[in-house]
2 protein chains.
Amino acid sequence: MGGRQRPTIKTVAARAGVGRTTVSRVINGSELVSDKARAAVLAAIAELNYVPNSVARGLVTSRTNSVALVIPESESRLGSEPYFSAVIRGVSTALAETRTQLQLMLVRDQAERDQLTESVAERRVDGVLLVSVHEHDPLPGLLEDMGLPTVLAGRRSPDESLSHVHSDNAGGAATAVSHLLARGRRTVATISGPLDMDVARSRLQGWRETLEKAGHEATDRLVASGDFTEEGGEAAMRSLIEQVPELDAVFVASDVMAAGALVELRRQGRGVPDEVAVVGFDDSIIARHSNPPLTTVRQPVEEIGSMIAHILMEEIGDPESPRRHVTLPTELVVRESS
Amino acid sequence: MGGRQRPTIKTVAARAGVGRTTVSRVINGSELVSDKARAAVLAAIAELNYVPNSVARGLVTSRTNSVALVIPESESRLGSEPYFSAVIRGVSTALAETRTQLQLMLVRDQAERDQLTESVAERRVDGVLLVSVHEHDPLPGLLEDMGLPTVLAGRRSPDESLSHVHSDNAGGAATAVSHLLARGRRTVATISGPLDMDVARSRLQGWRETLEKAGHEATDRLVASGDFTEEGGEAAMRSLIEQVPELDAVFVASDVMAAGALVELRRQGRGVPDEVAVVGFDDSIIARHSNPPLTTVRQPVEEIGSMIAHILMEEIGDPESPRRHVTLPTELVVRESS
DNA sequence: TTGTCCGGTGGGAACGTTCCCAAACGGCGA
DNA sequence: TCGCCGTTTGGGAACGTTCCCACCGGACAA
């Protein structure tokens, strides 16, 4: 039964006894169609089980009704990082409402990078969502030059020109550090993310400013930088303990790294939270299940996802629409590690 | 500079002083082109920065070079379930090699389901990958009827007709139960997944057969069924303890549910593994971080992903290719919960 | 020389839409 | 009755490719 030729708009027109154009108008919800014609067309469509061919439509409208979500994954973090999954969820929810397809592009190496730009050049998508951008990543600029609507989750730097949505990283870090100080901690170290990312720098800045404002030390010896992986967190914790044996608290820039830090602390026999308090960032699933459960800064990741999607659809709909910069609030979730 | 009209194949032809067809041939790597013509075309392409329009190509070839990965998500499991992320990773890796785009479709409700079938009917994809199929899901049959190449991760039932890849669920469960028995456990209960899924039934069957073969009880009172969520695992554990207070081991059909079970056991003051041993399934990130770390059955999820993608590409390339049924081995990972 | 073949080439048609425009239709006022 | 206007309609062209086929020219055998 699957062998039958798919009906085209012509078939429908013939069946309904009208012209191609009228069918097209009905499909696209134009008002300039008589009720009679509309009824005939709708009936024909139903009988023939007609579905418009979106490729043909795309050729003439030069719209594909699909957008790309680009996730650079050199660190192979999708998988361990629930962050990406949550973004995907949010994006998908927002897109579903607009009947836009989601093309997922995991970019691991240069070859895949080239493929991505080519695919974009082929105009297979109407716009691009970029997640986890690094400061000197050429991709955002490239997309901007091509004139393709682009929205970032995060930003390259504080003066990012492209539309973007991110959470209040500095503020979240400040809350975390204040919390630790309020619990009487004196020496608050930090494990930061890769410093070529604004997320990492902003969280570090929040840590530093809060400590300085409170009259505490916030020098570089209290900073170890990880790469947002568990192993990275472990190594950073090790070097911190060595560097600053007297530390009694650590603010870690992600839950996954914090989990690594916990492993190292346990290995070294330092009690959490008795001897060392730990606060993470993200409130990912791992935070609830680590040992002990992790105090952490929750960020509205799914909302970030749906918001970048919304903004992108807006820019696709109206290329002249102004660029938007959105900062979403974070929230401290206190558990047993602090 | 982005304002310039994109060059078409005609522009290139004119520039190179050849016909459209010759340009097309060069692009598609045909042998029937003289070296001279080929060189001229390639030069023109480079000068003009020409990229073929894939939509136009798709219209005539009726190929889109993209496939859909469908993830039903009524249980909102992407996010908590690293399983899906790993599948996505595997699929993406395999597709990258074939220059095929990946359309991600999260299907939460009926509306999104309809959108999916419509999108498929519009021929926006060359094939479909289906993850986490339930026994009476109409979708696989629908796709089969439409004649669209379809490959499943998992299967509807043991006599699945569509191509599919799954791990040795019964075998994995058997290994887990044998392990528990070897540790001297006598009353091995189980928390199964939703019984309208073959994964769940197979794991349950592995549990049952192993116990029976060893001469142990394997009756229904030892079975509680969850829904692959943490809360479900918690509730199931609660009912098991009530039903079978003397149990000294539980085989749980997923790590996420096992994490829930651990929470409940702790709440009830039952030591793990001293009083109750727990074994999960998946070896997801949560297994390493639960308290205590979880003994679990590892399944090669990423490999499942890349394999379904491979098989799908094969079926798209040759619709007559035989259906394939692949079972991948599992492996027990012993940690501290057993 | 003539005929045959074959590598190389390019123009026309087709894919299934949307958009532009001209034309048909009907009603209404003069 | 005629002319005008607004609503509704449909045919032609276009979007940028690929595919089919016919053609061209040179090499080679007869």
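**Exercise 1. Through which surface do the copies meet: the same surface or different ones?**

*Solution.* Start with the ground rules. This is a predicted model, in which local features need pLDDT of at least 70, side-chain atom pairs count only at pLDDT 80 or more, and totals for chains, interfaces and linings use all residues. Residues are numbered from 1 along each chain as its sequence is written, while chains are lettered from A and ligands numbered from 1 in the order in which they are written.

Step 1: define contact. Two residues are in contact if their C-beta atoms, placed from the backbone, lie within 7 Å.

Step 2: look at the two sides. Chain A brings 43 residues to the contact and chain B brings 43 residues. On the side of chain A that touches chain B, two or more residues each come from helix H4 (54-61), helix H5 (82-97), strand S2 (101-107), helix H6 (110-121), helix H7 (138-146) and H12. Helices (H or I, at least four residues) and strands (E, at least two) are DSSP runs, numbered from the N terminus. H5(A) gives the most to this side, with seven residues.

Step 3: compare. Since 100% of the interface residues of chain A are also interface residues in chain B, the copies meet through the same surface.

**Exercise 2. Find the relation between chain A and chain B, and the residue of chain A that comes closest to the rotation axis.**

*Solution.* Step 1: superpose the copies by least squares on the C-alpha atoms of residues with pLDDT of at least 70 in both. A rotation of 180 degrees with 0.1 Å of shift along its axis places chain A on chain B, with an RMSD of 0.1 Å. That is the relation of a two-fold axis.

Step 2: look along the axis. Of the residues of chain A, Gln103(A) comes closest, with its C-alpha at 2.3 Å.

**Exercise 3. Describe the surface near each DNA strand.**

*Solution.* Step 1: a residue is near a strand if its C-beta atom, placed from the backbone, lies within 6 Å of it.

Step 2: take DNA strand C. Of the 25 residues around it, Ile9(A), Ser24(A), Ala56(A), Gly19(B) and Thr21(B) come nearest. H4(A) supplies the largest share of this surface, five residues.

Step 3: take DNA strand D. Here there are 26 residues, and Gly19(A), Thr21(A), Ala37(A), Ile9(B) and Ser24(B) come nearest. H4(B) gives the most to this surface, with five residues.

**Exercise 4. Locate some unusual backbone spots.**

*Solution.* Step 1: recall the background. Most residues other than glycine have a negative phi, and most peptide bonds are trans.

Step 2: check two peptide bonds. The bond from Asn291(A) to Pro292(A) is cis, with omega near -5 degrees; Pro292(A) sits in the loop between helix H12 (285-289) and strand S10 (295-298) of chain A. In chain B, the bond from Val272(B) to Pro273(B) is cis, with omega near 10 degrees, and Pro273(B) belongs to the loop between helix H11 (255-267) and strand S9 (277-282).

Step 3: check phi. Asp282(A), in strand S9 (residues 277-282) of chain A, has a positive phi near 125 degrees. Asp283(A) has a positive phi of about 55 degrees and lies in the loop between S9 and H12 of chain A.

Step 4: are these residues buried or exposed? A residue is buried if 20 or more other C-beta atoms lie within 10 Å of its own, exposed if 12 or fewer, and partly exposed in between, with C-beta atoms placed from the backbone. Asp282(A) counts as buried because it has 28 C-beta neighbours inside 10 Å, and Asp283(A) counts as buried because it has 23.
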